[in-house]
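Grab the model and work through these exercises one at a time. Each task comes with a worked solution, so try it yourself before reading on.

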Amino acid sequence: NLKTPKRYAKHLQYAGDWYKRILNHDKANAYAANGIGTILAEKGNLIDAKEAFNRVREVSGDTIADALLNLGHIYLAQKKHPEALQMYLSYLNRTRGAAKSTGSSSSTGSVGAMITSRSQEEDHAAVLLYIAFAYFDWARQTELLNNIKAAPADERYKKCIHYIESAMAKSKKENVVLRYNWCMAKLQAANCVLQKLTRGIRRTAVEVSDALQGLEKSLPMVQTMIQWKAEGKRIPIATSTLNDFVTHCKANIESAKSHYRQEEKKEAEAKEMREFQRITAEAQQKEKEMKDLLQKEKMLKEEEERDAKAKEKMSKAAILAQTWDKEAKQKEDELLEGKKKKKASNVKPEAVDDEGMDKRNEMDLTKEDEDAANKQVNDLFDDSDTDDDDVHDNKSDTNNEQEKKEEMKPVVDAAAHDLFGDSDSDDSDDDDMSNSGGRDENQENISKDNIALQSSAMDNNDANEMSDGESSQEELLPLSKRRIDNENKGAPESKKQR
């Protein structure tokens, strides 16, 4: 009778009058208020109905679960899917808590959670179906965007299918409507997956495969329903609706197969590309490691070469230092040997005069003379005075020697002239002979003076040799010898003249 619009409106009016009478007698009656809200919602006055249900929640403290369920219907009619889902889930939690607290599935709970005359399982199955429909409608609304923003629709279809399967598990009897809803959800989910390519949404071959399997499972179910309807069984779904479903399902199955082959090909190419990139990356990594290794080896080789060069230079420097040490030692030995030779050759020269002067015998150096000679050698080679003082001393000694030579030169020349000079005529010879006595006496005196001078010069030279070193000795020694030789040569001629 409720399917007739007039009768339905008439009964709604009767129900509203009774709820008002109850509220007139008991203004705190939440059940009557919930009934008035339901009547307002059926008439299409959703705003007033929503206010009525919220007032019931405030008064009862959510002890009347039907108010939550009715609010869920209001939000779903307003396309506020998240709020509707929240209300439906809150209703499930309330009714499950009431059933656990009472320990039975009676029509009323001890906490005031209103349960209908249906069983607890059937009531939960109906609420799960409401939740599934909320997700389904939310996904359909999202698909209307028809772009990349429609991506969440696929996930919402999956949740819809999940809650429908839960409702089918809760229902104790075969529910054809639930099965048809499941098939319809599979069809819409498959269509959403196939439309991802045109919407610019990424998809995988696994998603296409799942959509294809869902279509292949739902097609025989709907075909069975058509067969049952042809057999005369009561199916609360129109035959045209079932036939349209079969037509769309078959078309989507063929399309899903084609899409699946494309996705498999793409994934194979992508896998091959990833493998190629992996191999390329590994090759580049190995090449980089090889370059690093070669660079490291090159650096090690250069370092070894530098070390080898440094060692070679160090060895050369060591050899050169040894050579220098040997040369220095050799020079030192030569100097010591020279000092010894100087000590050995430090002997006064002999002198011979006309009158058969006794030769000077060689005298060994006494201990004092040796100490004096050693002191002189040490002064020559180990003196810490500056070179300028040595040069000055050498210059002064040389000047003294030259002055002595200049003083000796006139005397020697005069003696030589007297001894070896020629006469101009025979008269001069006669005169010389007549005056030979006086000349002989003069010559003898000159010879004696020369010898005396030579002796004094030799003595001075000996003293200079002892103080000045080997150089002055070598210079004076030949000079004294020349003087003695000249005197020896001049002696016979003087005797001849006599």
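**Exercise 1. A residue in the long helix**

Decide whether Asn252 is buried or exposed, and find what it touches.

*Solution.* Step 1: check the accessibility. Asn252 has a relative accessible area of 13%, which makes it buried (under 20%; exposed is over 50%, and partly exposed is in between, with a 1.4 Å probe and protein chains only). Before going further, a word on the ground rules: this is a predicted model, where local features need pLDDT of at least 70 and side-chain atom pairs count only at pLDDT 80 or more, while totals for chains, interfaces and linings use all residues. Residues are numbered from 1 along each chain as its sequence is written, and side-chain values use heavy atoms, with hydrogens and water left out.

Step 2: list the partners. Skipping residues up to four places away in sequence, Asn252 touches Leu187, Asn191, Leu194 and Leu215; contact here means heavy atoms within 4.5 Å.

Step 3: place the residue. Asn252 belongs to helix H11, where helices are DSSP runs of H or I with at least four residues, strands are runs of E with at least two, and both are numbered from the N terminus. H11 runs over residues 239–344, which is 106 residues, and spans 152 Å from first C-alpha to last. That's close to the 158 Å expected at 1.5 Å a residue, the expected span being 1.5 Å times one less than the number of residues.

Step 4: see which residues of H11 share its burial. Leu242, Phe245, Val246, Cys249, Ile253, Ala256, His259, Glu263 and Lys339 are buried along with Asn252.

**Exercise 2. The H1 and H2 pair**

Describe how H1 and H2 cross, and what kinds of residue make the contact.

*Solution.* Step 1: recall what to look for. Two packed helices are described by the angle between their axes and the distance between the axes.

Step 2: get those two values. The axes of H1 (residues 5–25) and H2 (residues 30–43) come within 9 Å, crossing at roughly 150 degrees. H1 is therefore roughly antiparallel to H2. For the terms, axes are lines fitted to C-alpha atoms, for helices over the stretch in contact, and angles run from 0 to 180 degrees between N-to-C directions. Under 35 degrees counts as roughly parallel, over 145 as roughly antiparallel, 65 to 115 as roughly perpendicular, and the rest as oblique.

Step 3: find the hand. The crossing of H1 and H2 is left-handed, meaning the near helix is turned anticlockwise from the far one by less than a right angle (clockwise would be right-handed).

Step 4: look at the residues. On the H1 side you'll find Tyr8, Leu12 and Tyr19 among others, and they face an H2 set including Ala33, Ile36 and Ile39. The contact of H1 with H2 splits into ten nonpolar, three polar and three charged residues. Ala, Val, Leu, Ile, Met, Phe, Trp, Tyr, Cys and Pro count as nonpolar, Asp, Glu, Lys and Arg as charged, and the others, Gly among them, as polar.

**Exercise 3. H3, H4 and the loop that joins them**

Characterise the packing of H3 with H4, then find what Gly61 contacts.

*Solution.* Step 1: the geometry. H3 (residues 46–60) and H4 (residues 65–77) pack at about 150 degrees with their axes 10 Å apart. That makes H3 roughly antiparallel to H4. Their crossing is left-handed.

Step 2: the contact. H3 contributes residues including Phe53 and Val56, and H4 brings Leu68, Leu71 and Ile74, among others. By class, the contact of H3 with H4 has ten nonpolar, two polar and two charged residues.

Step 3: the loop. Gly61 sits in the loop between H3 and H4 and is partly exposed at 46% relative accessibility. Leaving aside neighbours within four places in sequence, Gly61 contacts Val56 and Arg94.

Step 4: follow Arg94. Arg94 is in helix H5 and is partly exposed at 42%. Arg94 touches Gly61, Asp62, Ala65 and Leu68, not counting residues up to four places away in sequence. Arg94 and Asp62 are 32 residues apart in sequence but 8.6 Å apart in space, C-alpha to C-alpha.

**Exercise 4. A loop residue with positive phi**

Find the sign of phi for Asn146, and describe the helices on either side of its loop.

*Solution.* Step 1: phi of Asn146 is near 55 degrees, a positive value in a residue other than glycine.

Step 2: Asn146 lies in the loop between H6 (120–143) and H7 (152–170), and is partly exposed at 49% relative accessible area.

Step 3: the axes of H6 and H7 come within 8 Å and cross at roughly 165 degrees, so H6 and H7 are roughly antiparallel to each other. The crossing is left-handed. The contact of H6 with H7 has 16 nonpolar, two polar and six charged residues.
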